[in-house]
Amino acid sequence: MIATRSEIGIVANVNDMTWLNFDLFKFEGQMFQDSLNHRVREAYLAAYSVLEKANGERHEELYKQLNSITEDVDGEQRALTEEVIGYEEIRWLEQREALAAMAIALLASLNKSFLDAQKRMLNKTHPLEKDYKRKKHLFRQIAEYNDRFKIDLTAVEGFDTVREVELARNCCLHEGGSPDENYKTQTKQRFLDAHGIINLTPEQLDSIIGELSQFGKSLTARMNDVRKNTSQDSTAGTNAT
């Protein structure tokens, strides 16, 4: 069930909200985790399951054909069937790489939305004072969080995974899944398969989602501290006058 504005205690828009005993940072963090698990993970696993089943059935059919060959003097029929099996294996690999690219793109999109949402909630007390548009996305986020909130994103637990997802996404989008120099030098290269291409297994995706969830929790806690400290400073200043 989706919470209404009255249920979560938000008045007016997000930039002018009134806090009524509700932790919006925590709420956004939970929404981030839910999206990771119930959108990206479920979408990936659903597609993976369908393709894996179809691939398994196709391979079973081809191996039955191969084993049923009894009259093949020149070996041509057997060679043709083996060639088709090889083709199907390549196609299954390409399908997994395509699924990985989809999942990574979704993860990168969620990461960006989450980082942007966290910033917006402090627009009133920590307004944007610089233009970061000329920087690449991740460098822009790092610079903006440091300037506005004095938070070093690179020191937040799980940020290495955020960086790897972003750079892997760029490789999938611009390099056909081949790792570029940024990915090679700035990540642990955990997404590379045996062929040196960006890829993911279901187990890897679960691990990545867990790390991104931890990043969300860690950043949410830090941003909440910024809000509380700002509120305390404001109260202290009012009392002093």
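# Exercises on a predicted all-helix model

E164 has its place in helix 5, and the exercises below, which concern a predicted model, begin with this residue and then move outward.

**Exercise 1. Determine whether E164 is buried or exposed, and find which residues it touches.**

Solution. Step one is the accessibility: E164 has a relative accessible area of 2%, and since buried means under 20%, E164 is buried. Step two is the list of partners, leaving out residues up to four places away in sequence: E164 touches Y183, T187, K188, Q189, R190 and F191. Step three takes one of these partners, Q189, which is 25 residues from E164 in sequence, while their C-alpha atoms are 7.7 Å apart in space.

**Exercise 2. Describe where Q189 and K150 lie, what their phi values are, and how accessible each one is.**

Solution. Begin with Q189, which lies in the loop between helix 6 (181-186) and helix 7. Its phi is positive, about 55 degrees, although Q189 is not a glycine, and with a relative accessible area of 32% Q189 is partly exposed. Turn next to K150, whose place is in the loop between helix 4 and helix 5. The phi of K150 is near 55 degrees, again a positive value in a residue other than glycine, and K150 is exposed, with a relative accessible area of 68%.

**Exercise 3. State how many helices and strands the protein chain has, and how much of the chain is buried.**

Solution. The count gives 7 helices and 0 strands, so that the pattern read along the sequence is α-α-α-α-α-α-α. Buried residues make up 39% of the 241 residues in the protein chain. As for the contacts between residues at least 6 apart in sequence, 68% of them join residues at least 24 apart.

**Exercise 4. Work out how helix 2 is oriented relative to helix 3, and how helix 4 is oriented relative to helix 5.**

Solution. For the first pair, helix 2 (residues 24-68) and helix 3 (residues 76-120) pack at an angle of about 175 degrees, and their axes are 10 Å apart. An angle over 145 degrees counts as roughly antiparallel, and helix 2 and helix 3 are therefore roughly antiparallel to each other. The residues of this contact divide into 24 nonpolar, 9 polar and 8 charged.

For the second pair, the axes of helix 4 and helix 5 come within 10 Å and cross at roughly 150 degrees, so these two helices are likewise roughly antiparallel to each other. Helix 4 contributes H137, L138 and I142 to the contact, while helix 5 contributes F159, V162, R163 and E166. Sorted by class, the contact of helix 4 with helix 5 has 4 nonpolar, 1 polar and 2 charged residues.

**Exercise 5. Identify which residues have the most contacts inside the largest nonpolar core, and which helix gives the largest share of this core.**

Solution. The largest nonpolar core has 45 residues, and those with the most contacts inside it are L107, L153, F191, F215 and L219. At least two residues of this core come from each of helix 2, helix 3, helix 4 (137-149), helix 5 (159-174) and helix 7 (202-240), and the largest share, 10 residues, is that of helix 3. To look at one member in detail, leave aside the neighbours of L107 within four places in sequence: L107 is then in contact with L36, V40, V165, L205, I208, I209 and L212.

**Exercise 6. Describe the aromatic pair of F159 and F215, and explain why it ties together parts of the chain that are apart in sequence.**

Solution. The structure holds 6 aromatic pairs. In one of them, F159 and F215 form a tilted pair, with 6.3 Å from centre to centre and 50 degrees between the planes. Because F159 lies in helix 5 and F215 in helix 7, the pair ties together parts that are 56 residues apart in sequence. Both rings belong to buried residues: F159 has a relative accessible area of 0%, and F215 one of 1%. Finally, F159 and F215 join F32 and F114 in one aromatic cluster.

**Exercise 7. Find which residues R222 touches, and decide how accessible R222 is.**

Solution. R222 lies in helix 7 and, at 34% relative accessibility, counts as partly exposed. Not counting residues up to four places away in sequence, R222 touches I151, D152, A155 and V156. R222 and F149 are 73 residues apart in sequence, and 9.3 Å separate their C-alpha atoms in space.

Definitions and conventions:
Residues are numbered from 1 along each chain as its sequence is written. This is a predicted model: local features need pLDDT of at least 70, side-chain atom pairs count only at pLDDT 80 or more; totals for chains, interfaces and linings use all residues. Side-chain values use heavy atoms; hydrogens and water are left out. Axes are lines fitted to C-alpha atoms, for helices over the stretch in contact, and angles run from 0 to 180 degrees between N-to-C directions. Helices (H or I, at least four residues) and strands (E, at least two) are DSSP runs, numbered from the N terminus. Angles under 35 degrees count as roughly parallel, over 145 as roughly antiparallel, 65 to 115 as roughly perpendicular and the rest as oblique. Ala, Val, Leu, Ile, Met, Phe, Trp, Tyr, Cys and Pro count as nonpolar, Asp, Glu, Lys and Arg as charged, and the others, Gly among them, as polar. A nonpolar core is a set of buried Ala, Val, Leu, Ile, Met, Phe, Trp, Tyr and Cys residues joined through side-chain atoms within 4.5 Å. Buried means under 20% relative accessible area, exposed over 50%, partly exposed in between (1.4 Å probe, protein chains only). Contact means heavy atoms within 4.5 Å. Rings of Phe, Tyr and Trp (its six-membered ring) pair if their centres lie within 6.5 Å; planes under 30 degrees apart count as stacked, over 60 as edge-to-face and the rest as tilted.
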